[in-house]
Amino acid sequence: EANTGNEAEVLIVACDRTGERLTRGGSRFEAWLHPTASGGGRASSAGLGTAPEAIQTPEPIIPVQMHDCGDGTHAARFTATAAGVHALYVQLGGASISGSPFSVVVAPGRMLAANSLVVLADETGGWSPGV
């Protein structure tokens with residue numbers, strides 16, 4: 001599960017052209033994460049195969065750190081700063097892997113007393129900062 005402000009990890013499994021899982025390291029995966037514009041349940045395929053700097057969104061691209069585990073798997077780690085649906089793009093050798101982009105739902109982080117505040121209802125039914 002991904003939560004804002006906390007590092008999340010997904011596992012990428014390298015496979016050969018017949019779909020057999022590789023049991024050695026050395027593959028060079030790249031990944032990046034960004035919020036989807038629609039906020040729906042599925043990541044958009046817009047930008048599929050596109051370099052992260054070419055994706056046009058109002059939200060910044062979130063870097064993904066890759067770690068080759070040496071056994072055909074790669075740990076992809078990221079820290080999202082906003083809750084919502086994000087698209088995880090994964091490429092190998094500049095080509096998108098099957099299923100990319102993947103939908104990642106990021107939940108709000110845990111509540112902290114130090115970041116909580118009091119707000120007061122005003123006469124218009126809106127809210128204003130409290131005490």
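Tutor: Contact means heavy atoms within 4.5 Å. With that in hand, we may discuss this predicted model.

Student: Which residues does Asn 3 touch, leaving out those up to four places away in sequence?

Tutor: Asn 3 touches Ala 80, Val 106, Ala 107, Pro 108 and Gly 109. Asn 3 itself is found in strand E1, residues 2-3.

Student: Why is Asn 3 called buried?

Tutor: The relative accessible area of Asn 3 is 18%. Buried means under 20%, so Asn 3 is classed as buried.

Student: Why are Cys 15 and Cys 69 called partly exposed?

Tutor: Partly exposed lies between under 20%, which is buried, and over 50%, which is exposed. Cys 15 has a relative accessible area of 40%, and Cys 69 has 37%. Both values fall in between, so each cysteine is partly exposed.

Student: How many disulfides does the structure hold?

Tutor: The structure holds 0 disulfides. A disulfide would require a pair of cysteine sulfur atoms within 2.5 Å.

Student: What makes Trp 32 and Tyr 89 a stacked aromatic pair?

Tutor: The count of aromatic pairs comes to 1. In the pair of Trp 32 and Tyr 89, the ring centres are 5.6 Å apart and the planes differ by 5°. Rings pair if their centres lie within 6.5 Å, and planes under 30 degrees apart count as stacked; therefore this pair is stacked. The pair links distant parts of the chain, with Trp 32 in strand E3 (residues 29-35) and Tyr 89 in strand E7 (residues 84-92), 57 residues apart. Both Trp 32 and Tyr 89 are buried.

Student: How do you know that strand E6 pairs with E2 and with E5?

Tutor: Two strands pair if at least two bridges are found between them. Strand E2 (residues 7-13) and E6 share 7 bridges, and strand E5 (residues 65-68) and E6 share 4, so both meet the condition. Each pairing is antiparallel. The bridge partner in E6 is His 74 for Ile 12 and Arg 77 for Gln 65. E5 and E6 also form a hairpin with 4 residues between them, where Gly 70 in the turn has a positive phi of about 80°.

Student: What makes strand E6 mostly covered?

Tutor: In strand E6 (residues 73-79), 5 of the 7 residues are buried.

Student: How confident is the prediction, and where is the pLDDT below 50?

Tutor: The mean pLDDT of the protein chain is 81, and 75% of its residues reach 70 or more. Over residues 37-49 the pLDDT is below 50, although this stretch has 22 contacts in the model beyond near neighbours in sequence. Where pLDDT is low, the predicted coordinates should not be read in detail.

Methods: Residues are numbered from 1 along each chain as its sequence is written. This is a predicted model: local features need pLDDT of at least 70, side-chain atom pairs count only at pLDDT 80 or more; totals for chains, interfaces and linings use all residues. Side-chain values use heavy atoms; hydrogens and water are left out. pLDDT is the predictor's confidence in each residue, from 0 to 100. Helices (H or I, at least four residues) and strands (E, at least two) are DSSP runs, numbered from the N terminus. Buried means under 20% relative accessible area, exposed over 50%, partly exposed in between (1.4 Å probe, protein chains only). Rings of Phe, Tyr and Trp (its six-membered ring) pair if their centres lie within 6.5 Å; planes under 30 degrees apart count as stacked, over 60 as edge-to-face and the rest as tilted.
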